[in-house]
Amino acid sequence: MPARTKHGPPRFSSTAVALRQPPSIISPTIPTHAQGLLILLLWLCEGTSLAFSTTSRHQHFGSKQQQQPATFLVRSSRRIMSEATYTNKRRKLSNPPLLLSPSPDSYSSEDPGSSNPEDDVSPFLHHQGKDTNSNNNNHHIPSVRGGADSSSSVPFNDPKDINAVSAGRLEELKQQEALLAAQLAAVRREKLTTLQSRPLTIGIVGFGRFGQFIAKAFCKHGHNVVVTSRSDYTEIANSMGATYVPLSSPQVFVEGAGRSSGLDVIVFCVSILSFEETVESLVPYIEASMKDSQTSDARGPLVVDVLSVKEHPRKVLLNLLPSQVDLLLTHPMFGPDSGKNGWHGLNFVYEKTRINGVLLDQEKQQYGNLQNNTEQTMTRFVDGQTGQIHSVHENSEAHVEAVDRMERFLSIWEEEGCHMVQMSCREHDAYAANSQFITHLMGRILGSHNKQEGLKKTPIDTSGFRNVLKLVESTTADSFDLFYGLYKFNTNSADTITNLQSAMTNVVQKLRAKEQQEEEELALRRQQRREEKLAAQQQQKTKT
């Protein structure tokens, strides 16, 4: 108990004690032994906590007064609240309040001689300002845990006090969350405005199913789309807002169908087998458009591929195209069927191969390395030929423009919700051989079995077998040229076939070995039973 004064009830020096109990659960009367107790309430209002500080002058009850109604207790608490200078609504997020509560053993009746009640709650308080034992009218606020003005962390020995801090902290985190959400929304609006301010002119070579599939997304994002193909797709192109140019007019296509700036991006959506021939046929027109360019740097377009293999197109594009042409090697891991309901969460693999004449180092774009990169290293890359380090914010207008154009194209896929996976072409092919190619391989094998042996649905199909039938259906729906391209132009595919054959042989050998082992064990058991039977018969004869 706090020490009593010489001529009256106990006096409390200035302190801040937040009581976790709301007024509704406080006893309706004030016990006799608590006369003169200064009541500092933590008023809980809409989940917001208020901490108060007071001095001995706030209340001073006479010794003759025995009890006080609960209504007066509430009235007193409101008076204290009105005098408090530190309120939760005026707090800044950077300086959140500390909820405090006395220890359950504070003001123990076993220590009536305690002269300083502050000692009982000192583990929970960090005082600021003047001495709290002095009788003055200053309200002292405890320092904030983790706040900007906090000079030390406050120890908590009671789990209940930790829970109190957690309860107050939740509201602060929600406020911070709302603030960050507002900032993110502002960044999103600015990003979309930036993207819409400079639409790209994108040319698509090959306007089949996949070409039409991605052209719709490009048009939806406000970009100018020019397409070319052997077949006449004028009507389909017009329906989605694109411009069709026959493949027999490559110059018109490369020049952007009459647009003064020409094509910013050229996307090759052709088969793996015809890729090199198609690129080679357009190279003279790309070079001619660069010579006719009015800019001194004669910067070429950004060339993009979407093949299912990556090392092959990388070599083709580096060998055939001028060094001023930027290169972006991509593989959307989905198609018109798997992406018909949207692209959200679908993998989009890409390698930034060349930017403004700088060939990027493949090793720096390995997936594992990129996951460990810091923000600073992510904005830098190495010239694979000279070893020179470049920055995406390099002091070169051509460089900045090249990076901006590439990022604008990648943003289309980002805005559609794709899972963006930056990965080197070499690493992609290694992964693809053990995922995509083996999937097509198994589908083709089972599909061939289907034609010969009648692999089909049955009335007792398991879910696993139904998945096998879906695999056969999806893989055999693609052309055999695609499957052949996955095999021929991925050096890892042959190893996959060899490993699969070896695994198949190993499994068959294990089955046969198990079968032989069981037959041997069965023959041994039969021999033992015959011997036991003969021994029993011999023993019976001996007895008789």
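In this predicted model, C425 is buried, at 1% relative accessibility. C269 is buried as well, with a relative accessible area of 14%. Both values count as buried because they fall under the 20% cut-off. The structure contains 0 disulfides.

The largest nonpolar core comprises 37 residues. Within this core, I214, F218, V267, F409 and W413 have the most contacts. Several elements each supply at least two residues: the strands β1 (201-205), β2, β4 (265-268), β5 (302-305) and β7 (347-355), together with the helices α4 (209-220) and α11 (397-415). The greatest contribution comes from α11, with 7 residues. A second core, separate from this one, holds 31 residues. Among them are V254, L282, V309 and L486.

V267 illustrates the packing of the largest core. Residues up to four places away in sequence are set aside here. V267 then touches I202, G203, I204 and V205. It also touches I214 and F218. V304, V306 and F409 complete the list of its contacts. Of these partners, I214, F218 and F409 are, like V267 itself, among the residues with the most contacts inside the core.

Strand β2 spans residues 224-229 and strand β3 residues 243-246. The two strands pair in the parallel sense, over 4 bridges. One of the bridge partnerships joins V226 to T243 in β3. Between the strands, the chain passes through helix α5 (residues 234-239). This β-α-β crossover is right-handed.

H331 lies in strand β6, which covers residues 326-332. The residue is buried, with a relative accessible area of 3%. Its side chain makes a polar contact of 2.8 Å with the side chain of H428. With neighbours within four places in sequence left aside, H331 is in contact with V306, L307, S308 and K310. Its further contacts are N347, F348 and V349, along with H428 and Q436. V306 is thus shared: this residue contacts H331 and also V267.

N356 sits in the loop between β7 and β8 (358-359). Its phi is near 50°, a positive value in a residue other than glycine. N356 is partly exposed, with a relative accessible area of 29%. H331, by contrast, is buried at 3%.

How values were computed. Residues are numbered from 1 along each chain as its sequence is written. This is a predicted model: local features need pLDDT of at least 70, side-chain atom pairs count only at pLDDT 80 or more; totals for chains, interfaces and linings use all residues. Side-chain values use heavy atoms; hydrogens and water are left out. Two strands pair if DSSP finds at least two bridges between them. A crossover is right-handed if, with the strands pointing away from the viewer, the path from the first strand over the helix to the second runs clockwise. Buried means under 20% relative accessible area, exposed over 50%, partly exposed in between (1.4 Å probe, protein chains only). A polar contact is a pair of N or O atoms within 3.5 Å; within protein, one must be able to donate a hydrogen and the other to accept it, and residues adjacent in sequence count only if both atoms are side-chain atoms. Contact means heavy atoms within 4.5 Å. A disulfide is a pair of cysteine sulfur atoms within 2.5 Å. A nonpolar core is a set of buried Ala, Val, Leu, Ile, Met, Phe, Trp, Tyr and Cys residues joined through side-chain atoms within 4.5 Å.
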